Amino acid sequence: MTELSRRGPSPLLPVDWTYAPAPESREIAAIAERYGLFIGGEWVEPQSGAFFTTLSPRDEEPLAEIAQAGPADVCAAVAAARAAFPAWSGLAGSERAKYLFRIARLLQERAREFAVLESLNGGKPIKESRDVDLPLAAAHFFYHAGWADKLEYAFPNRSPRPLGVVGQIIPWNFPLLMAAWKLAPALAAGNTAVLKPAETTPLTALAFCELLAQAELPPGVVNIITGDGSTGAALVEAEVDKVAFTGSTEVGKEIQRRLAGTGKRLTLELGGKAANIVFDDAALDQAVEGIVNGIYFNQGHVCCAGSRLLVQESIADAVVEKLKRRMASLRVGDPLDKNTDVGAINSQAQLTKIEELVAAGSAEGAEIYQPPCRLPEKGYWFAPTVFTDVSQSHRIAQEEIFGPVLAVLTFRTPQEAVEKANNTPYGLSAGVWTEKGSRILWMAERLRAGVVWANTFNRFDPTSPFGGYKESGFGREGGRHGLEPYLSFDSG
Amino acid sequence: MARLPVRKTYKLFIGGAFPRSESGRTYAAQGSNVARASRKDARDAVSAARAAQPRWSAQTAYNRGQVLYRVAEMMEARLAEFAVLCGGRDEVERSIDRWVWYAGFADKFAQLLGAANPVAGPYFNFTVPEPTGVVAIVAPEQPALLGLVSRVAPALVGGNAVVAIASEGVPLAAIELAEALATSDLPAGTVNLLTGERSELAPWLASHMDVNAIDLTGADVLGPELERAGADNVKRVVRGLADSQGLSEISAFVELKTVWHPIGL
């Protein structure tokens, strides 16, 4: 025996640090072969007769056939919502509240099933679906349930009334959570809804229909229609009283144009290019965790992602070094594996867009770094990426990439940090890292963004209003402020 | 022999100064030659508003309230003059009282529109209203003075800078108002007033990428076109009333910012 082994295990000996796979069983999530449209409380065949296949981005496995709602289907859904409106809006607020409480509870009960479905269909790590998407979705219903019979307290002397039928179009990055953000305030306020989930991620919304049936929600109060952008466009044009859209700024502008002059209400939650600003006095290890969470959470498919790191020049090298070391420990792989930190890119189209912008970053002269990691052969994957030597005019510093790609820029003074942070048409979120309280408030006051995270990032809560400045949209979701766009008032 | 009165030249109000239209054009209204602003005047007004806005919103709410109250004081002193330029004494008095009402709201609306949010975690989380930025206002044709004041005052109290297009047929009251604003300690450029053809000017403001919000109260048939143009930079579109005052008029011109900070040792 050698001298070394007699002393027992030693840190000098090579240790196998690889994780054993810890896959979540997908058996819990039942997926039908084919889904119709959920209209008037029933599953109906699309009048369009058309279906498309939804995949799992982790291995391109076909999961189900999904109905492609055409204009006639959209009209039928809106008509069902219209028919359900008088009874739903006439129901005592306290009774509406109880339906929403029921939905919240059912989501909590069936959380694991929905989490698996979300990761399977969308590609996000099960850790995130389980610990973020599902708890928050349930919390949104629970929070808004309590508002249903307290609207007069939220808006005193203003006689709040529901608007009627709302058309809601949601993105693929947080499919169920975005459905909750949209439906909970709409229903609490007494509206009925037609919701269109994203083309690539319809499964949790469709499973949610079964949950609504379990909750015995009156037919037609929520109608869910699947399809591509043309379905969304038809919903915008349909006889709805309000449109709520979360998605790209480009589509948001088009919706705003189409609604011009119609008098329909509109709220938009659009893109972002958030700056995460790190000062030289920040707690650097915490800041690095925040940077990683800011851009690699949900593969960077987050409208408020901290996609630009603004780091004070004197600590830039140290921060980038720590960041690279931390990136090397990120586990990229199977979304259903409980150890996975970064899952699959949502779709081939999104992967192509990320690849194109990353190529532009290199071509424009920024320096790319990707930690060594083995990406699965099948499915859509992109390694966590950081660019240094980025200038403000680079496309990767200006355009929303919506992927795990961080652009690092530097600054010397707080004024310069503010100027660079605000130098974008977007204004959704921003991060500030410093141990100096007065500087946090000084920065927070000057950053033109709807959400400012100080010494934290990517936190969400149903009580906390979320939404953008400038081209990141208008209207808020969450809090008392998120109810207002779903109500009309007698007086100001 | 009777003294010959000195007439007033009615000009634009941009950046705290009273320039003629750079185009050299005028049009006849209310028996006077009134400046007919051009696209370039509108763009100059937006530049002036953008430059003035940070200074105005950086003033304390108490201070903004005092400035708005001062506008009321300045108008009161010119009451008779205003009365002949708009719908009469009653309209002027109501306009003055509207400034006073909003002056008193300057240091209160943030408490009503803001919030401390009880998030489920160890964070301090609060929401505050902030100005939207540069607001373009298409003022109603009638009532010319009260309509303009009803739209401009709530935008100002929230800390915005304004570019307003005055009533086309009754523009003199707006210029008179500019003279009151110019002597009210409002930072130069905070309010800019354009006279001229609404249909010529409004589209340039609606499509201007440095205008954050547009108030279409007086847009009439131009509304849909202006709204469509405003989508190019996701403008906030406000459809207000020509004669109203309320908290919702202020909230139409603010953004809500939510700030998170961890609580810990």
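Strand β4 of chain A and strand β5 (residues 61-67) of chain A run antiparallel and share six bridges. Here a helix (H or I, at least four residues) or a strand (E, at least two) is a DSSP run, numbered from the N terminus. Two strands pair if DSSP finds at least two bridges between them. Strands of a sheet pair through backbone hydrogen bonds, either parallel or antiparallel.

This is a predicted model, in which local features need pLDDT of at least 70, side-chain atom pairs count only at pLDDT 80 or more, and totals for chains, interfaces and linings use all residues. Residues are numbered from 1 along each chain as its sequence is written, while chains are lettered from A and ligands numbered from 1 in the order in which they are written.

**A three-strand sheet**

L55(A) has P62(A) in β5(A) as its bridge partner. The open sheet of three strands has the order β1-β5-β4 (chain A), and its pairing is mixed. β1 (34-35) and β4 (51-56) of chain A are the edge strands; each has a single partner strand, so one side of each has no neighbour in the sheet.

**Two domains in chain A**

The domain assignment, automatic or from a database, splits chain A into domain 1 (34-270 + 471-488) and domain 2 (275-461). Their C-alpha centres lie 29 Å apart. Contact means that two C-beta atoms, placed from the backbone, lie within 7 Å. By that rule, 22 residues of domain 1 of chain A are in contact with 26 residues of domain 2 of chain A. On the domain 1 side, α4 (111-122) and α5 (126-147) of chain A are the elements that give two or more residues.

**Where the chains meet**

Between the chains, 30 residues of chain B are in contact with 37 residues of chain A. β10(B) gives the largest share of the chain B side, eight residues. β10(B) also pairs with strand β18 (residues 451-454) of chain A, in the parallel sense and over three bridges. There W453(A) stands opposite W260(B).

The table sorts two contact sides by class. Ala, Val, Leu, Ile, Met, Phe, Trp, Tyr, Cys and Pro count as nonpolar, Asp, Glu, Lys and Arg as charged, and the others, Gly among them, as polar.

| Side | Nonpolar | Polar | Charged |
|---|---|---|---|
| Chain B, touching chain A | 13 residues | 10 residues | seven residues |
| Domain 1 of chain A, touching domain 2 of chain A | seven residues | seven residues | eight residues |

**Inside the chains**

A residue is buried if 20 or more other C-beta atoms lie within 10 Å of its own, exposed if 12 or fewer, and partly exposed in between. A nonpolar core is a set of buried Ala, Val, Leu, Ile, Met, Phe, Trp, Tyr and Cys residues joined through C-beta atoms within 7 Å. The largest core has 95 residues, and A77(A), L100(A) and V194(A) touch the most other members. Helix α7 (residues 175-188) of chain A supplies its largest share, 11 residues. A second, separate core of 82 residues includes V92(B) and V152(B).

V149(B) sits in helix α6 (residues 144-157) of chain B. V149(B) is buried because 29 other C-beta atoms lie within 10 Å. Residues up to four places away in sequence aside, V149(B) touches S95(B), R98(B) and W99(B). V149(B) and A242(B) are 93 residues apart along the chain, yet their C-alpha atoms are separated by 9.1 Å.

**Confidence**

pLDDT is the predictor's confidence in each residue, from 0 to 100. Chain B averages 97, and 100% of the residues score at least 70. For the complex, the predictor gives an ipTM of 0.96 and a pTM of 0.95.
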